[in-house]
Amino acid sequence: MHLLSRPELPTDGQERDIVQRARSGNEQALAELYDLYFPRIYRYVLARTGNPAEAEDITEEVFVRVLGAIGAFQWRQAPFAAWLFRIAHNQLVSHARKNGARRRETPLAASIADPAPDPLTRVEDRLSLEHIFDLARALPQAQREVLWLRFASDLSVSDTARALGKQENNVKVLQHKAIARLQKLVVQSELGRADQ
Amino acid sequence: MKRRFEQVLAQCIEAVSTGQCTVEECLTLYPELSDRLEPLLRLGCRMEQAPFPEPEPAFREAARERFLAAIRAHAAAPRRPRRLFPVLPSLPQWRWRLGSVTGQHRVAAAMTATALVAFLGFSSFVLASSGDSLPGDWRYPVKRLTERTRLTFTFGDDARRDYRISLAEERLDEVQQFASRERQIGESLLRQLVDTTEPLVQALEPDSVPSDQIERITDLTAKQQDVLDQVAPLVKEEAADELEEALVVSSEGHAKAVEALALARSQEEPPEELLALTTPGAGTPTAGAGASPTAGPSPTSETTPGLSPTPGTEASPTPGTEASPVPPATAEPSPAATPTGGPTPAEASPTPSSGQQQLVRRELLPLPDDHTGGLNWNLIVVGHFSVAVPAEENGWIVSSPLPTEQPPLKGMVAAVYQKGGSAAAAVSVTVSDGSASVFARDNGIMREIDEEQVTELLPPSIAEVISHILGSITLTSP
């Protein structure tokens, strides 16, 4: 089985140091934060929008906002990841409002290669990842957020908890519920296809 | 068991994704769960290992360059001082406009002023009456806006935390009011409850949060669990996830608060009134300074400065109170709570007088004959409530309500067993009704367990102590 190694976020102490320097306008520190979080934010935004072009634009806007706001960031109110993903969330909401209910123009399938060996016997393995992530859009928001952060942004359970300002166990509960519900949706979807 | 499944699923996804084991190996580790676990684990791992697209390298590089350029531009930009009221015109313009008010303009100005007064009057009414509004009420947004404004202008960590606790209490009260009117409870109401409670719990550190606020959070989370259990039938189906999340937050928050409260109390000096009350028989107790220990028992000489009697305050039970130690397992009213021939807690109070409402006092009485679990034991008496607790030794710390509370009884007694610097098990008992909760550390998290699970999940020595505490809870008629 192909395994991906999950890139780890810096420790709290290291991140505090970087953020502290970034707050005072240190270019190198800002670039470090950018490198650390850009891919994660991009994947999170892509999972939410489903459109790579939109995801690129929104991710850039997120970091421009970070640049303007980082001077006011305070550790005691939230961890940095939570603050950053909150900005991304707000940017997504703002973007959605501006664009109304416009449907995405480019399907995710164009950019996601499904590595699952074929043929597979399991229902869920016969479905494309695009379809799985599409189905996930039917989940309650809290569950979706956990899925995007855990699986699209590669955040661990503890980092997801920090980003959402939740307790780890709460994230595990939401993760379990999301996967369980998603699995049902996948099966229903497959049965629907079989009927057709 | 449900909680355990969530933990197992999360652990297995983590283990598979980091290459520690395969899906099949995980399933063999949990044979009793494998049927349920397998489809979820496979789907979870599938998403975990999915090669989700990275940004195109060319775009990423170009975007990085633009970001760096933006940093330099941001650094080079001159900083302009902020104007406090940037939308107000400058003073000379106002003067000019006021100077032109004549004739018809005066009538218009009078009407405007009247409308303004009416509006302000109406606004004041809305503002004043919005405090008891509920979600769905047209005044409710005003209430929330008022709360946010007040929070904005509340300064100081303690004061802000205090107000945040009040807001969480208010949200809980709203849930209760919905239930009392038999209105259905939706997602947003429960979401607000979680959103106000979770930050309080997360920031709960005994070193930085005053014990009275920890106690409020302890009470709040305990009450939340009761209320959520009661209102569950009224929760809309689509809000089931929010209900569960709220229950998780309040349950874990309560466990954390109980632990923090016990730690905070264990670091406090014993209140003078408490020490005085451990010397029954003295009409006006003097914090033990003048107490002359008799041959009475002082079984807790190694105790910490928490709740256990210290050598300087050695309890010297009078003959009447020698009979006070109660076999804790009995359900009979505790003689210690109403010592025969000895002063009642209220009589021992430093400032009671006839006709005045008597304060509910807290007493701590040693139980010299009790050595359950190889520990020394004390009896905490608060009004008509009593419970036996271990002396603060061998890893146990104990806290109980502040000693100056008036009826109705509030607060709780908490006994926490610490191992390796963190809590491993805890019991909290609510003094008003004697209801108890037991917590045990599982996979690094303190979680509430059923009383039946105490012997199953905890080492025998700890289980024996906890069972003894639970069996000793006594409520007598006021």
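A crossing is left-handed if the near helix is turned anticlockwise from the far one by less than a right angle. The views below are taken from a predicted model.

**View 1. Helix α1 (residues 12-23) of chain A against helix α2 (residues 27-49) of chain A.** The two helices make a left-handed crossing, α1(A) passing α2(A). Their axes come within 7 Å and cross at roughly 125°. Angles of 65 to 115 degrees count as roughly perpendicular and those over 145 as roughly antiparallel; α1(A) and α2(A) are therefore oblique to each other. From α1(A), the contact is made by A:I18, A:V19, A:R21 and A:A22; from α2(A), A:A29, A:L30, A:E32 and A:L33 take part. Sorted by class, this contact has six nonpolar and two charged residues, with no polar ones.

**View 2. Helix α8 (residues 157-180) of chain B beside helix α10 (residues 211-231) of chain B.** Here the axes come within 10 Å and cross at roughly 15°. Because angles under 35 degrees count as roughly parallel, α8(B) and α10(B) are described as roughly parallel to each other. The crossing in which α8(B) passes α10(B) is left-handed. On the α8(B) side, the contact involves B:R161, B:D162, B:I165, B:A168, B:E169, B:L172, B:V175, B:Q176 and B:A179. These meet B:Q213, B:R216, B:I217, B:L220, B:K223, B:Q224, B:V227, B:Q230 and B:V231 in α10(B). By class, the contact of α8(B) with α10(B) has nine nonpolar, four polar and five charged residues.

**View 3. Strand β2 (residues 377-382) of chain B and its surroundings.** The strand is mostly covered, six of its six residues being buried. Both faces of β2(B) are covered: B:W377, B:L379 and B:V381 are buried on one side, and B:N378, B:I380 and B:V382 on the other.

**View 4. The hairpin of β2(B) and β3(B).** Strand β3 of chain B spans residues 385-390 and runs antiparallel to β2(B), with six bridges joining the two. One of the residues in β2(B), B:I380, has B:V387 in β3(B) as its bridge partner. Two residues lie between the strands of this hairpin, and B:G383 takes a positive phi near 60°.

**View 5. Chain B as the setting for Views 2 to 4.** Chain B has 16 helices and nine strands. Of its 478 residues, 38% are buried. Among the contacts in chain B with a separation of 6 or more, 59% are between residues 24 or more positions apart.

Note on methods: Residues are numbered from 1 along each chain as its sequence is written. Chains are lettered from A and ligands numbered from 1 in the order in which they are written. This is a predicted model: local features need pLDDT of at least 70, side-chain atom pairs count only at pLDDT 80 or more; totals for chains, interfaces and linings use all residues. Axes are lines fitted to C-alpha atoms, for helices over the stretch in contact, and angles run from 0 to 180 degrees between N-to-C directions. Two residues are in contact if their C-beta atoms, placed from the backbone, lie within 7 Å. Ala, Val, Leu, Ile, Met, Phe, Trp, Tyr, Cys and Pro count as nonpolar, Asp, Glu, Lys and Arg as charged, and the others, Gly among them, as polar. A residue is buried if 20 or more other C-beta atoms lie within 10 Å of its own, exposed if 12 or fewer, and partly exposed in between; C-beta atoms are placed from the backbone. Two strands pair if DSSP finds at least two bridges between them.
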